[in-house]
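Student: I have a protein model open and I'd like to learn how to read it. Could you walk me through it?

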Amino acid sequence: MTAGDGDGRFRLGLAGAGRMGRTHLAALTGSRQVRVTGLAEPDPAARAAAARPGLPGFATVAELLAAGNLDGVLVAAPTSAHAPIVTEIAAAGLPVLCEKPCGLDTAQAQSCAAAADRAGVLLQVAYWRRFVPELAALRQRIRAGELGRVLAVNCYQWDEAPPGAGFRGASGGIFADMGVHEFDQARWLTGQEFGPLQVAAAHPDGEAGPQPARTDPDCAQAVAGLDGGGTALISLVRWHPAGDTCRVEVLGTAGTASVTFLPPGAGDGPFRAALRRQAEDFARCARTGRPGQGASAADAVTALDLAGQAAAQLTAPAYRGS
């Protein structure tokens, strides 16, 4: 890849200027390795909200690609648009960093992977937990055997409040939207794979059951065995008035560890820092061809497969929410 305008930084296009796209844009401000050189957003209001001096905006990804001045593209469009946009960018011969989950289901994630393979370009999926220093250090401790044999890895993602109806309706549900982070995180930390999942869920109004209208609960817990002999717990909550929080606990035969990497009240600071490291890792991989820390398309397929298994239990006749 070539550098743009002689400053040596990786020229990154941005596809999608909604909330997540603007968060990425803010996270990359001041990066010495990556700069955003163009953005595509079909909604004029969102495009205007992301506008910055010297940053050209386009209504379509096709226009962004035609303008050139790109070394790769970050896809931050709604999940339902991931597959066609990734395919379009890959066909143009550019590496892609796609926001998680890289499609609504495994078929869409697999189609993204196939498009990248056909074009011979890098496809990295944006599981930002892999770029949190505290989690990377925990992973090293686990892999070095410092905690002994892992008996349990418990992953928690508790959001302050549920998302809006528009986002919720297109997100794929609580496991595809939130749970994929925890599934990927547990696999990445331990190097172990999930066995069959068991799921319980609850709704804030106290109702429960398999009704189609109630397939996206605001509290969901999944538990499974790991192929290394331990267990995994995935805890997802959309009502945590103290504020957004993410943490992980690991219990082993030789020690335990607990890391709260997004404490309540921390704001977007830790999140944005991880997003910057992620984009810079992507740029290094795209330029050198060497693997980095990011999640692969295969990792994304696995996370979505686990999310699909969990979500299926919410509509199964035997399901009894609490």
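Tutor: We'll go feature by feature, with the general idea and then the case here.

Student: What kind of model is this, and how are its residues numbered?

Tutor: This is a predicted model, where local features need pLDDT of at least 70, side-chain atom pairs count only at pLDDT 80 or more, and totals for chains, interfaces and linings use all residues. Residues are numbered from 1 along each chain as its sequence is written, and side-chain values use heavy atoms, with hydrogens and water left out.

Student: What is the mean pLDDT of the chain?

Tutor: pLDDT is the predictor's confidence in each residue, from 0 to 100. For this chain the mean is 92, and 92% of the residues reach 70 or more.

Student: Where does pLDDT stay under 50?

Tutor: Over residues 207–213. The model has twelve contacts for that stretch beyond four places in sequence, a contact meaning heavy atoms within 4.5 Å. Where pLDDT is low, the predicted coordinates should not be read in detail.

Student: Now sheets. In what order do the six strands of the open sheet come?

Tutor: Strands of a sheet pair through backbone hydrogen bonds, either parallel or antiparallel. Two strands pair if DSSP finds at least two bridges between them. Strands (E, at least two residues) and helices (H or I, at least four residues) are DSSP runs, numbered from the N terminus. Here the order is β3-β2-β1-β4-β5-β6, and the pairing is parallel.

Student: Which strands stand at the edges?

Tutor: β3 (57–58) and β6 (123–126) do. Each has a single partner strand, so one side of each is left without a neighbour in the sheet.

Student: How many bridges hold the inner pairs, β1 with β2, β1 with β4, and β4 with β5?

Tutor: β1 (residues 10–15) and β2 (residues 34–40) pair over six bridges, with Phe10 opposite Val34. β1 and β4 are joined by four bridges, and there Leu14 faces Leu74. Between β4 and β5 there are three bridges, with Val73 opposite Val96.

Student: Which way do the residues of β4 point?

Tutor: Gly72 and Leu74 point one way, Val73 and Val75 the other, and all are buried. Buried means under 20% relative accessible area, exposed means over 50%, and partly exposed is in between (1.4 Å probe, protein chains only).

Student: Is Gln124 in β6 buried or exposed?

Tutor: Gln124 counts as buried, because its relative accessibility is 3%. Leaving aside neighbours within four places in sequence, its contacts include Val96, Leu97 and Cys98, as well as Gln278 and Phe282.

Student: How do antiparallel strands look here?

Tutor: Try β11 (residues 245–252) and β12 (residues 256–262), which run antiparallel and are joined by six bridges. They form a hairpin with three residues between them, and Arg247 stands opposite Thr260.

Student: At what angle do the axes of helices α1 and α9 cross?

Tutor: Axes are lines fitted to C-alpha atoms, for helices over the stretch in contact, and angles run from 0 to 180 degrees between N-to-C directions. Angles under 35 degrees count as roughly parallel, over 145 as roughly antiparallel, 65 to 115 as roughly perpendicular, and the rest as oblique. The axes of α1 (residues 19–27) and α9 (residues 269–288) come within 8 Å and cross at roughly 75°, so these helices are roughly perpendicular to each other. The contact is made by Met20, Thr23, His24, Ala26 and Ala27 of α1 and by Phe271, Arg272, Leu275, Arg276 and Gln278 of α9.

Student: What does Ala26 touch, then?

Tutor: Not counting residues up to four places away in sequence, Ala26 touches Arg52 and Arg272. Ala26 is partly exposed, with a relative accessible area of 22%.

Student: Which backbone angles should catch my eye?

Tutor: Most residues other than glycine have a negative phi, and most peptide bonds are trans. In this model a cis peptide bond joins Lys100 and Pro101, with omega about 5°. Pro101 is in the loop between β5 and α5 (106–119). Cys102 lies in the loop between β5 and α5 too, and has a positive phi of about 65°; Cys102 is buried, at 0% relative accessible area. Asn69 has a positive phi of about 60°, sits in the loop between α3 (61–67) and β4, and is partly exposed at 31%.
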